[in-house]
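Dear colleague,

Please find the structure we spoke about below, with the sequence alongside. My notes on what I found in it follow directly after.

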Amino acid sequence: RCVCHVMNLCVQDGLNCAEAIIKPFREIVLHLRHSGIKRDDFKRLCLEHNLPFRRFKLDCKTRWNSTYDMLAMLITYKVPLIQFSETINSLGGVIDESTFSLIDNLVNLLAVFYSCTKLLSGSHYPTSHLALQALVRISYTFGNFSRNAPFGDIIGEMEKKFLKYYDEIPQLFLIASILDPRIKEKWVQTLLELFGQCFVGNPNFAVDFSKMYQNAISNVQAVFDLYENKFGSTSMSTTTSMPSSSTFAINPLALVRSKHSSSIPSCHGEYVLYNNTPIVEGNDDDSFDILTWWKSNSINFPILAKMAKDFLSPPVSTVPSESAFSASGRIFTKKRSKLAPNTLEASICLKNWLGVAGGKRQQKEYE
C-alpha cells in the first residue's frame, strides 16, 4: 500500500472531524476574494499592524496540502483576522484566540504529515529505508498532542485510520532500515519499541513487536543466504597484483589492511560484521546518501551491498509514477494537441532532467 496514500486517508479523516473549526476561515477567504470592500477593510487592518496585505488562496477539500498551506498563512495574520471576523455577521464572532490555538495545533500536526509525504514521495533517491522513521515520527506526533476535545477527537480519528494499515509494519521497511548504516539491527528494535509505546492503551492496537522484529531478522538472514549462494564465490574472489618493479617501498600495515578488507567471512560472518561495526553518526538528516555509502563500502560488504541495491530500490509511494503518467496530460493539452510523439517525449524528458538539475543546484546553494 502506498504510504503517502495512507497518510492522505489519515489526514482526510482528521480534517473531516475538524470541519467546524476550518469552515469559518474558509468563509473569511471567500469574503476577501469576492468583496472589494472587505478587501479594503482587511488591507487597512494589515497596515495598522505593520503586516503586508496579501490575497489568500482558497483550499481544495480533496487536496489536504492546500488546506495546510491556507491555514499556515492565515495564522500569520491572527490579530487582523480576529478583528476582521467581527465585521462578518455570518461568522457570529466564532474566531478568537482559542480558535487560533486549535488551528495552530492543527497546522503543527499537518506539518509532520506534509514533511513525511514530501520525503517519501521523492523519485531521485531511495525511500524504503526512510519509511520506518516516518511512521515512528507520525506515531510520536500523535502522542504529543492533547487528548482533550475537540482536538482529541481529531487525533483519535487519524490514529484509528493509521493503525488500520500499520498495525503491522511491512517487512520491506524493516529490512531496508536494517541495511541503513545509521540504524542496523539494534536501532530497528528500538524504533519498533518507540512505535509501540506511542499507542499503549489504544484499543485498536495490540501487536507483538518482538515477534515482528525476530521475523525481520530471520528474513534478512534467509535472504542473505540466498545472495551468498548466488554471489558468494564471485564476491570473495580477489585478484593478487604484483608490486611494481619501479618501487620497492611497500607499507606493511597497508598490505595487511588490504588483505583483511578483501577477506570476507563465510556464512553470516559478513552480516554479523556489518552489525558489529559502529553506526554511522552525524548523518541524521535526510541528505544522507545511502547509495554512495554502500558503493564505497561494497569491498567490505559485497553481498550486503547487492542486497542493499535490491531492497533500497522499491519506492514506498506511487506518487512519482502517478505524476509521471499525468505529466503528459499537462503538456499535451487542447491548445497543444498537434505535438508529434517525439516532441512530446522530448518535452517530458527535458522537464524531468531540468527538475533533477534544479534540485542539485538548490542543494549546492544550501550547502
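I begin with a single residue, S85, which lies in helix α5 (residues 78-85). S85 counts as buried, since its relative accessibility is 1%, and its side chain reaches the backbone oxygen of I82 at 2.7 Å. Please keep in mind throughout that this is a predicted model, and that the values below are computed from it.

As for the chain as a whole, it has 17 helices and zero strands. Of its 367 residues, 38% count as buried. If one takes the contacts between residues at least 6 apart in sequence, 76% of them join residues at least 24 apart.

Two helix pairs deserve a description. Packed helices are described by the angle between their axes and by the distance between those axes. For helix α2 (residues 19-34) and helix α4 (residues 64-75), the angle is about 80 degrees and the axes are 11 Å apart, and the two helices are therefore roughly perpendicular to each other. On the α2 side the contact is made by I22, F25, R26 and V29, and on the α4 side by T67, M70, L71 and L74. Sorted by class, the contact of α2 with α4 has six nonpolar residues, one polar and one charged.

The second pair is α13 (residues 269-276) and α15 (residues 302-311), whose axes come within 8 Å and cross at roughly 80 degrees. As 65 to 115 degrees counts as roughly perpendicular, α13 and α15 are described in that way. Here E270, Y271 and Y274 of α13 meet P302, I303 and L304 of α15, and by class the contact has five nonpolar residues, no polar ones and one charged.

Helix α15 is also worth examining for its burial, because seven of its 10 residues are buried, so that α15 is largely enclosed by the rest of the structure. The buried residues in α15 are P302, I303, L304, A305, M307, A308 and F311, and P302, I303 and L304 also take part in the contact with α13.

Within α13, I looked more carefully at Y271, which is found in that helix and, at 2% relative accessibility, counts as buried. Leaving out residues up to four places away in sequence, Y271 touches I178, E185, I217, V220, Q221, F224 and L304. With one of these, E185, the side chain of Y271 makes a polar contact, side chain to side chain, at 2.4 Å. Y271 and L179 are 92 residues apart in sequence, while their C-alpha atoms are 9.9 Å apart in space.

Helix α7 (residues 131-144) allows a simple check of geometry: at 1.5 Å a residue, its 14 residues should span 20 Å, and its end C-alpha atoms are 20 Å apart, which agrees. The buried residues of α7 are A131, L132, A134, L135, V136, I138, S139, T141 and F142. What covers these buried residues includes α1 (3-17), α6 (97-120), α8 (151-166), α9 (171-178) and α10 (184-197).

One of those covering helices, α8, contains K161. The C-alpha atoms of K161 and D13 are separated by 7.7 Å, although the two residues lie 148 residues apart along the chain. Setting aside its neighbours within four places in sequence, K161 is in contact with L9, C10 and D13.

Finally, there are two backbone angles that you may wish to look at for yourself. Most residues other than glycine have a negative phi. N50, however, has a positive phi of about 55 degrees although it is not a glycine, and K184, likewise not a glycine, has a positive phi of about 60 degrees. What are the surroundings of these residues, buried or exposed? N50 has its place in the loop between α3 (36-48) and α4, and N50 is exposed, with a relative accessible area of 71%. K184 is found in helix α10, and at 3% relative accessibility K184 counts as buried.

With best regards

Notes
Residues numbered from 1 in each chain as written. Predicted model: local features only at pLDDT ≥ 70, side-chain atom pairs only at ≥ 80, totals over all residues. Heavy atoms only, no water. Axes fitted to C-alpha atoms, helices over the stretch in contact; angles between N-to-C directions. Helix = DSSP H or I, 4+ residues; strand = E, 2+ residues; numbered from the N terminus. Parallel < 35°, antiparallel > 145°, perpendicular 65-115°, else oblique. Contact = heavy atoms within 4.5 Å. Nonpolar A, V, L, I, M, F, W, Y, C, P; charged D, E, K, R; others polar. Buried < 20%, exposed > 50% of the residue type's maximum accessible area, 1.4 Å probe, protein only. Expected span 1.5 Å × (residues − 1). Polar contact = N/O pair within 3.5 Å; in protein donor to acceptor, adjacent residues only side chain to side chain.
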